[in-house]
Amino acid sequence: MSNHSTFMTLHSSRRRFLVQGASVAAAVAAVPALVHAQGRPVLKAGDQKGGLRALLEAAGGLEGLGYDIQWSEFPAAAPLAEALNAAAVDSGPIGDAPLIFALAAGTRVKAIGANRSDSYGTAVLVRPDSPLKTAADLKGRSIATNRGSIGHYVTLKAITSAGLKPEDVNIRFLAPADAKLALTQGSVDAWATWEPYTALAEVSKHARVLVSGRGLLPGLSYLAATDGAIAAKRPVLQDFLQRVVKAQLWSYRNVDAYSAALARIIGIPPEAAKLQFERRQQKWVAIDAQVIADQQGTADFYRRVGLIKQPLDVKGTFDTGFGVAG
């Protein structure tokens with residue numbers, strides 16, 4: 001299979017979710033509810049490719065559940081956030097920037113777990129033969145990314161850190177598969193994305209990193225849950241989060257085994273799976289004052305560049321009652 005085919009396969013099962021607004025939530029809500037004669041609770045878990053489900057399956061973290069999980073997979077955080085907004089899913093992994101957009105739009109969710117990682121793989125990519133060398137070279141250029149994604153965030157951070165303004169570049173909002181194709185075909189100058197897409201593009205020699213998120217982004221992502229799910233399924237969410245934390249610890253004790261499993265589960269080359277996994281160095285952390293301060297900084301930045309219209313106080317968007325003991 002060619003590198004392009006591998007990349008497209010990574011997305012083919014998810015493209016039906018690449019629709020706007022309520023139609024995303026409707027697509028998820030249309031999945032028949034699971035009926036259990038024993039009356040077991042059901043956690044409606046949203047996910048992204050290579051995310052929590054892959055981690056839990058590889059680590060054996062789904063054994064002995066006292067509830068059932070109804071998984072829904074999304075190609076990016078924005079449609080997952082839409083599904084959370086419609087209560088079509090109870091919870092899901094979401095980056096710091098997409099969470100800001102969701103909260104600014106009035107989505108009734110809270111972050112119940114926080115994860116820090118190295119931000120290198122959240123990056124602005126260019127073709128290997130591109131003449132662009134620095135973020136300043138992006139002036140007047142076109143950049144593809146998802147609206148409201150961490151790719152959008154790293155784009156704005158990169159250009160403003162180089163003294164440019166958002167209007168100095170042409171941002172084209174495309175889904176990952178379309179953005180990658182646009183870059184390789186030359187219809188855009190750059191593509192801002194995240195892992196595992198960055199590692200896959202590097203390993204396949206389709207792109208190189210122009211600007212990484214290291215030093216620009218706090219490297220935060222979250223497990224978010226709807227207010228309704230927190231109220232009705234708190235013990236289930238607590239158990240699920242603890243399983244994720246333990247699975248993450250297992251993965252770093254078993255790098256080769258997990259990388260191989262991840263490559264098989266999400267359909268990418270083993271070297272790409274291992275590269276993105278090892279350099280992310282993810283760690284679940286307590287929601288402390290630093291986490292909240294970093295998230296407030298992201299909200300304030302989005303306000304300054306005009307992507308959200310009103311100031312947002314993030315303190316009320318966290319539920320600190322969920323522990324992350326490994």
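Which residues does S117 touch, not counting residues up to four places away in sequence? In this predicted model, the partners of S117 are G219, R280, Q281 and Q282. S117 itself sits in the loop that runs between β4 and β5, and with a relative accessible area of 22% it counts as partly exposed, because the buried class takes in values under 20%. One of its partners shows how the folded chain brings together what the sequence holds apart: S117 and Q281 are 164 residues apart in sequence, and yet their C-alpha atoms are 5.4 Å apart in space.

The same loop, between β4 (109-116) and β5 (123-126), also holds S119. S119 is buried, with a relative accessible area of 7%, and once its neighbours within four places in sequence are left aside, S119 is in contact with G213, R214, L217, P218 and G219. G219 is thus found among the contacts of S119 and among those of S117.

It helps to set these two residues against the chain as a whole, which contains 13 helices and 11 strands. Of its 326 residues, 53% count as buried. If one takes the contacts between residues at least 6 apart in sequence, 82% of them join residues at least 24 apart.

A good place to follow the fold is strand β1, which covers residues 42-48. Because 6 of its 7 residues are buried, β1 is largely enclosed by the rest of the structure. Strand β1 pairs with strand β2 (residues 68-74) in the parallel sense, and the pairing extends over 7 bridges; within it, A45 stands opposite W71 of β2. Helix α3, made of residues 52-59, joins with β1 and β2 in a β-α-β unit, and this unit is right-handed.

Both β1 and α3 also belong to the surroundings of an internal space. The structure holds 1 cavity of 30 Å³ or more, and the volume of the largest cavity is about 720 Å³. Its lining is made up of 41 residues, of which I150, E195, S221, R280 and Q282 are the closest to its centre. Among the elements that give two or more residues to this lining are β1, α3, β3 (91-95), α5 (96-104) and α6 (150-161), and β10, α11 and α12 are also on that list. By character, the lining residues divide into 19 nonpolar, 15 polar and 7 charged. R280 and Q282, named here as close to the centre of the cavity, have already appeared as contacts of S117.

E195, another of the residues closest to the cavity centre, deserves a second look for its backbone. A cis peptide bond, with omega at about 5°, joins E195 to P196, and P196 lies in the loop between β8 (190-193) and α8 (197-203).

Two helices can be read residue by residue, and a general rule helps with the reading. An α-helix has 3.6 residues a turn, so residues three or four places apart point the same way. In helix α4 (residues 77-85), the buried residues are A77, P79, L80, A81, A83 and L84. In helix α7 (residues 176-185), P176, A177, A179, K180, A182 and L183 are buried.

What follows each of these helices is a residue with a positive phi: G186 comes just after α7, with a value of about 85°, and A87 comes just after α4, with a value of about 60°. A87 is a residue other than glycine, it lies in the loop between α4 and β3, and at 42% relative accessibility it counts as partly exposed. K205 is not a glycine either, and it has a positive phi of about 65°. This residue is found in the loop between α8 and β9 (208-212), and K205 is exposed, with a relative accessible area of 64%.

One further loop residue closes the tour. E167 is found between α6 and β7 (170-173), where E167 is exposed, with a relative accessible area of 61%. Its C-alpha atom and that of G140, 27 residues apart along the chain, are separated by 8.8 Å.

Note on methods: Residues numbered from 1 in each chain as written. Predicted model: local features only at pLDDT ≥ 70, side-chain atom pairs only at ≥ 80, totals over all residues. Heavy atoms only, no water. Helix = DSSP H or I, 4+ residues; strand = E, 2+ residues; numbered from the N terminus. Buried < 20%, exposed > 50% of the residue type's maximum accessible area, 1.4 Å probe, protein only. Contact = heavy atoms within 4.5 Å. Pairing = 2+ DSSP bridges. Right-handed = clockwise from strand over helix to strand, strands pointing away. 1 Å grid on protein atoms, 1.4 Å probe; cavity = no way out; pocket = protein on both sides within 12 Å on 5 of 7 lines; lining within 4 Å. Points joined across faces, edges and corners; volume = space filled by probe spheres on them. Nonpolar A, V, L, I, M, F, W, Y, C, P; charged D, E, K, R; others polar.
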